[in-house]
Structure formats: C-alpha cells, structure tokens
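Subject: Structure handover

Hi,

Here is the structure I promised to pass on to you. Have a look at it first, then read my notes underneath.

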Amino acid sequence: MGSLASRIVRAPRPHDAAAAARAIEAFADLEPVARELLAGTAGCSGFLGGLMEREAAWLRRALGEPPEAMLAETLAAMEVEGVAALGPAVRVARRRVALLVALADLGGVWGLGEVTGALSALADRATGLGLSALVAEEAARGRLPGVGVDDAEAGGVFVLGMGKLGAFELNYSSDIDLIVLFDESRHDPEDYADLRKGFIRVTQRLVKLLSEVTEDGYVFRTDLRLRPDPSVTPVCIASEPAEHYYESVGRTWERAAYIKARPIAGAVAAGERFLGRLTPFVWRRHLDFAAIEDAHDMRLRIRAHKGLGGALQVPGHNIKLGQGGIREIEFFTQTRQLIVGGRDPGLRQRATLAALDALAGKGWVDREAAEVLSAAYVAHREVEHRLQMLDDAQTQTLPEGDEGMGRLAAFCGLTREAFERELTERLETVKALTETFFEAERRRPSAEAPAPEEIFADPEAALGIIAEWQRLPALRSERARAIFKRLEPGLLRRMAGAASPDSALRSLDAFLRRLPAGVQLFSLMEANPSLLDLLVDICGTAPALAQYLGANVGVLDAVISADFYRPLPSASEMRGDLAARIAGAADYEAALNAARVWMKERHFRIGVLLLRQLLEPEEGAAAYSAVADAVIGALWPAVVAEFARKHGSPPGAGAVVVAMGKLGSREMTVSSDLDLIMIYDAEGAEGSEGPRPLATTVYFSRLTQALISALTAPMPEGVLYKVDMRLRPSGRSGPVATSLAAFQRYQAEDAWTWEHMALTRARVVAGPAGLGQAATAAIRAVLAGPHEAAKVLADAADMRRRLGEAHEAAGGNPWEVKLGPGRMMDIELLAQTGALVCDLGSQRSPRRMLEKLGGLGWIAREDAAMLAGSLGRLAAFQQVMRLASDHTMDPGDGGAGLVRLVLAVTGEDDLDTLRRRFVTDAARAAAIIAARLAG
C-alpha cells in the first residue's frame, strides 16, 4: 500500500492565492503533487492551513507513509496513563486525524467510507479510553461498590454510538450522539443507588473530557439527548428501565435511531445483549407502513422548525436537512427498513449505502433509483465535509454570499457556476425521488365515490353500516380515522364493481369489526392500493377468508412480496424454509409462534390463489397438505428436542408421525383437521435417560401429547391445527402412542376392517428415517396381506349402513357434499374397500384408487369414471366453499362472487343445474356403491 503522497489524484483549486503561496513556500521540499494538494487546501481553508503549520513535522512524515498506518499509529498513541494525561493526548490525536482525513479526502486517496470510518474510529477510541480511565479513577476512590480498578468491562457501563457514529458514517465536524447505560444485573441490588450516582459522575466527566475546549482544542462535541426521556432522566441509567421505556412509549423516530445503534465502549457484550432485547421494538413483526406517515410528519416538522421551506436555492441551502438533502435520503432508506426489516434481518443494515443496496437487492427499492440516491448521498457528504473543513464548524448550511460560495466551489475543485449547477441538479433529483415516496398519490384525497344508491341494492342499510364504522375499535384513534377516510372512497368504488356489492359490504363490515386496531393495516393498504382490490374480492367471494383475515391481518404482508402470485414452492422447500425459521427462533415458544405465522401466511396465499383461480382445487388440496407436512416435519424435531431437555432423548429408535385421512392422501382443505397416529420403537429400552427420566410407554405418550400441544395450543398467533387421533389402534380407548410391535400385533389380530381401510391413506410424515421405513413396511404388510373379499365387502356394507343412519338428515341437503348416500365419504368408502381387496400398492388418493379399480375390472370402467368424476367435482366444490364457510351452506347465500367461483370450478352454468347435477350424481353413485358392496 503506497504512501499518501503517491496516491494523490486530485487537489482543490486555491481560492486565496496568498495562503496557497505560503503553503508552497513552507513545504517547498515536497514533491509537486503534494505541494499542489497542500496549496489548494490552505488556499481554501484557514483551519486546515493552521493545522498544517502546527503539525508541519508530523505532516511531512504522514505524507510519506500510508494513511492507514498513520491513522493506526495516531489512535494507538492516545493510550496513556491517567485521566490528566488523556485529555491532551486525545486532542492531539483529534488534530492529526482531522488533518490526515482532510488530505486523504481532498486528494482522492480515500473514499467516503474510509473518511467516515476513520472519524468514527477516532470517536470510538477516545470514548472507550475515556470511559475506562474515568471508571478506574472513580473505583480507586471507592465510589463504585463492587467495581475493580482494572475492570475490563467498566463496571458494566456501556456506551451506544447512535446516528452516524453508530453506522461508521461520522462527518468531518460532527458531534457524537451517545447513550450511556449500565447493566444492573451484574451488581448487588443494595449497591444500586451508589453505583447509579457514580456512573452519572463518570458520564458527566466523560462528556467534559471529550467536548471541553482547552488550549489543545477539543475532541468531539457530545450529545446525550437521544437517551430515554432526556428531560427527566439522568445522563446514565440502568438498562432495564430503558427497555421498559422503549416497550411502553418508544416512538418511530427512536426506532429509526436504533437502526444505527452500536456499542462502542465499556461492557460491549452487555450492550449487544441490550440491543438484542430491543429487536422487537425496532423491527416490527409485520410490515410497518405506518412508519411512512411518521417519517413524513417528522420531515415536515424539521423543515418548519429550521425554516427550510420554499423554493430550492443553492446559496444558504442546508445540504443535510433541506429539500433533496442528506436527511431525505436517510429518511427514505430508514423508513423502508422499518417497514420490511422485521421480516427480513438482511435489511437491518446500519450504514445508509449498505441499506440501500440491500433494499434494492430484495426488490423493495428500484435498483436504478437506489443507484441514483447512493451516488447523490456520496456527493452530498463530500460537499458537507468540505463545508465543515473550511472552519472546522458543525454546519451543513451553504454560504449565502459570493465570497463564501466561491471558496466552497474552489474547495470542491469546481467553478462556482459548475458547482451550483451540479448541486442543483442533484438536489432536484433527490427531491423528486423521495417526494414520490412520501407524497405519492396515496396521500392525496381520493376521487369521490359513487353515491350509495348507485352501488347498493339497499342504500339505506349500506349507509347505516358505513356510519357505524367510526365506532369500531379499529377506528378509535384520530390517526386511523384520517387514513381510513382517505381509503373509504376507493373501497366503495371497488364495491361498485363487485359481483354483489351488498354482500361484499356486509363481509367488509364483519372484517372491520374483527380488527383490534387499524393504523398499521390502513397504512399498508394506502401504500399498496392493490390490496384494496384483493380485500374487496375476498369480501365479495370468500367471507370465511375475510373473517380469517380480520383476525390475522399480518398475513397481508406476504401479498406485496415479489413471489406471492408465483407458483408455490415444493413441499421439501417449504419444510426447509420453516425449519430455518424455527431454528432461528429465540426459544421454544417463539418457535411455535413462528410456525403459526408461517402457516397462516401460506394458507392465506393458497386461499387467494384459489380465489383468483390461479390454482386448481386439486392443486390447492395438495398445497394445504404440503403446508401441513412442512409444519409437522419441521416442528417434530423441535418438540423432541424440547422434551428431551427435560426427560432425555427418545429411547431406542424414537418415534414417527403417521398421517391418515385427508392429510395422508394429500387432499386437505383450509379447515381440515390433522388425523395422526404415533408409532415408536424403544428397541427394548425400559425408559429414557435424562434429568427426569420416564418409562418408555409414559415417555412416548407424553411426547405425543407435547406434539399435540405444539399444534393445538392457543398462542398469541393462534393455533396451527386441530388434531384427531381416533384412528390409532383401539381408537379413543387406546394409548396415544403405539409401539411398532404392538401396532403390528393389533393390525394382525384385533383390527376391524374399517381400520385396515383407513391405512390405505396412511403415510409417515416425520421422524427418524429408519423407523419411518419400518413403519411404512408394517403398513404395507397389513394392506398386502390376505383379505377375504366377502368379509371386507360385508363389513364395508355394514359400516355404510351405520354411517347412513347417523347422517340421515344431512343426506337431504343437496349442498352437503361430504355426508350421505353417493357423497364424498360414501364414494371414498368404496374406493378404500377396493384398495383393501385388490391391494393397490402405495396409491392413497381415492380418485386414483377408483381409476385403478376400473382398470382391474373390480368395478365397471364406466362406473369407476363416473364415481371418480363425481368425487372430483364434490371435492372442488368443497375446496372453494371452505373459503366461504366451515359449514354446509347454499352458495347463493354467499353472494354472486362465490357463485361465480363455484360454477367455474365445477364447470356448470348456474346453481340450479349444479344442484340437479349433485342430486343426480349422488343417486347414481349410491346405486353403484350399493350394488358393488352387495357382492
């Protein structure tokens, strides 16, 4: 790495010829390129010219060395003995770093990152040395009980670098924003009062050490006002009350501030733990579009307070806070981070440029816009630095007079005309890009909605519903009402285009009534108008999905992701995705909640794809089943690990989860339960080995209950699934977990025919591969074993009779697709009967079973085709109807949107035709089934 002088590629234009000439004379022994840089620097900045004179000998050596090495040497020289010696040492270092950084910047040797990184490193080092020395001095005086003089972690005190310091973006003449806290957990509670007083004294002296102006200058102006509630709290407080403050009253601007927060001194590990605990405060679990309005309002308040409104003019413009300035780019970036960073940790970047790049990489910011803003940010920061280098002043306001503007332009290597032209273009570009975000169409009043009598069949009832909305919990805050008022015309316009506006309005009303709060959701919709289309579509077509949405509004976050409408991932990909989320959870409860969030988002996505007819009903059934597979497969290891922590690892080969019913045959709907059985193999072990060992049977019984609890327990994110284990050996009277040997013995000696029929849909979905293979082989052995056809048919006929008697009333409803003669359960009964008699191998789908049975001649081919077609039609109808209701209902009662969807998936022209088709098909199917079971 070459010397500073050898890497110079540019120099300022001297504004003061006399000052430039003095610099050339003073450093006449240097190479021309170095003299040109020094002359241009001194000819523009009296401050830097004075530093060059004061540090002439050091400067000559610095020019001949790599600037990185000189920076490291200068920072190392700050470490001296005692507070008294530290004050002058850090000021000398600050002086030299200021000169080194300026020349490396002005000469094009360092880019923005190296410049701000060097300034930040100086602040880190000075703060860290000062804190350690002051804590040691206070401890030596006996004023910090329990803290030793050589305490490497400063008695638990830690300093957070906020703002630009936290992000390694410190500007040339910046103050530093610090928050000083202490970890009270490492101390005796009885010492708390004395420690608190001592740490406050340390903090006050640290500020004085850094910011006091002496004959050697100053180090950094220091600001502690970002601490919690600075008007009433002391300069150093314990971390626990700070956490409580942020959890209870923390505001959006404080969340934005903590994006860049970084522990820089003292007990850094304690600082990292504190920031980790603040993660839920800073990074919201759901997309946080309400942050847009907060940031927008903050921008307007800053402009009003600083008097920065009006037309954009370069002279006197504030390059940081003014229109098109640095803060606009930072707000633009941080607001987007707050919106989506809770869902994607990869977007939680401290540095502005890194955050912009990450946002563009994930598609949250247009790549071209990100590149334009990044280039503008770098250029703006360079102007800011040169402005501050002129007099070492903490200013971002450009000069208003001709002399000042001419000097600054020359310092930037440009004529005044070129400087103002380039800066104006850049400011206008940034303003246009950021204002588009903060002042988009979404913030402007919507066009008037059509009159109610133009939309609704019953306008008076509609007006009554709409009038009640202002009393709903979701609209109790003024802010929520203001956003919803902007949304309401657009919602009503969309209602006018619904198949049944009145039905859609009633469903929307039910949706709004379920919302506990509205600001976040309304902000999300305001920023993404396409969500209004989807909401009205759901309300007009799938009321149950709307009710689900009202209770789980966070699932809408997924809709605006780039892959929402793309083909669904495979089951293995989904399982891997969920497993990664569970592995990243903080604890077991967090893992269970993560699974619930993940499942609900996938269920909602499948439901929307079915609603939009982007997914066929049979594909939806497979997708719902794949989600359930992923949930069980990813949760099972977590359940086992949590259980093993208390009771030891599973004895022997462990246990596997076997899916039955609709999950086994991959035919689930949105509301399907999970039919499961548990099979274990202890391989002779009598019990587990752990802190609280259990006997084998007890162990696997309780482990099964732990899985059921993981799936069914009500949690903040709801439940995953209802679980039904009645298909296990001996049903309700049998143990919830069965050993492999007992399972084989029961199936061979005691199982009823219907239990063997149920196994035709069984498959292992979780657990050790070896035991899974053994359980699968045991199930196959049952199905492939000899089954007396006459007995199977007789048992099936008897079972069918009993089911018919139990559900006689349901059979009279033409829209009841599951129960009754010739309906789904009846057809599936015949398919499973045939599968048991003929052994259809691994085929688990009743429709595919029927096709195979027709091919084998066990049933007439045309009858098999008729039954399979009817079953497919009933299943498609059931699949989309479950989006509207968990209960049997007339599609006509769900509105025109639901009717349109039902007819599309069943291939009929109208409901009357579909009703007749169902009745006719059921009668024909029932006759075929009765004849075949009769032998």
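Below is what I found, topic by topic.

First, some ground rules: this is a predicted model, so local features need pLDDT of at least 70 and side-chain atom pairs count only at pLDDT 80 or more, while totals for chains, interfaces and linings use all residues. Residues are numbered from 1 along each chain as its sequence is written, and side-chain values use heavy atoms, with hydrogens and water left out.

**Helix H40 and its neighbours**

Let's begin with H40, which runs over residues 911-933. The helix and strand names are DSSP runs numbered from the N terminus (H or I, at least four residues, for helices; E, at least two, for strands). H40 has 23 residues and spans 32 Å from its first C-alpha to its last, close to the expected 33 Å. That expected value is 1.5 Å times one less than the number of residues.

Which residues of H40 are buried? They are Leu-911, Leu-914, Phe-918, Asp-921, Ala-922, Ala-925, Ala-926, Ile-928, Ile-929 and Leu-933. Here buried means under 20% relative accessible area, exposed means over 50%, and partly exposed is in between (1.4 Å probe, protein chains only). The buried residues of H40 pack against H35 (789-806), H36 (824-838), H38 (861-881) and H39 (896-906).

Both ends have something to show. At the N-terminal end, Asp-910 acts as a cap, with a side-chain oxygen 3.1 Å from the backbone nitrogen of Asp-912. That counts under the polar contact rule: a pair of N or O atoms within 3.5 Å where, within protein, one must be able to donate a hydrogen and the other to accept it, and residues adjacent in sequence count only if both atoms are side-chain atoms. Just after H40, Gly-935 has a positive phi of about 100°.

One residue worth clicking on is Asp-826 in helix H36. Asp-826 is buried, at 7% relative accessibility. Leaving out residues up to four places away in sequence, Asp-826 touches Arg-800, Gly-820, Pro-821, Ala-926 and Ile-929, where contact means heavy atoms within 4.5 Å.

**Salt bridges**

How many salt bridges are there? The count comes to 52, taking a salt bridge as a side-chain nitrogen of Lys or Arg within 4 Å of a carboxyl oxygen of Asp or Glu. Here are three of them:

- Glu-138 pairs with Arg-143 at 3.8 Å, N to O. Glu-138 is buried at 1% relative accessible area, whereas Arg-143 is partly exposed at 38%.
- Arg-726 meets Asp-724 at 2.5 Å, N to O. Arg-726 is partly exposed at 42%, and Asp-724 is buried at 13%.
- Asp-795 bridges to Lys-791, with the closest N and O atoms 2.7 Å apart. Both lie in helix H35, 4 residues apart, which is about one turn of the helix.

The bridge between Glu-138 and Arg-143 also belongs in a wider picture: Glu-137, Glu-138, Arg-141, Arg-143, Arg-201 and Arg-205 are linked in a network of salt bridges.

**Two loop residues with positive phi**

Asp-229 has a positive phi of about 45° although it is not a glycine. You'll find Asp-229 in the loop between strand S3 (222-223) and strand S4 (236-238), and it is partly exposed at 32% relative accessible area. Gln-613, also not a glycine, has a positive phi of about 55°. Gln-613 sits in the loop between H28 (588-611) and H29 (617-647).

**Nonpolar cores**

A nonpolar core is a set of buried Ala, Val, Leu, Ile, Met, Phe, Trp, Tyr and Cys residues joined through side-chain atoms within 4.5 Å. The largest one has 139 residues, and Trp-469, Phe-522, Leu-556, Phe-604 and Val-631 have the most contacts inside it. H29 gives the largest share of this core, 16 residues. A second, separate core of 94 residues includes Trp-58, Leu-71, Tyr-172 and Leu-408.

**Cysteines**

How many disulfides turn up? The count is 0, a disulfide being a pair of cysteine sulfur atoms within 2.5 Å. Take Cys-412: the closest cysteine sulfur, in Cys-44, is 8.8 Å from its own sulfur, too far for a bond. Cys-412 is partly exposed at 22% relative accessibility, while Cys-236 is buried at 0%.

Happy exploring!
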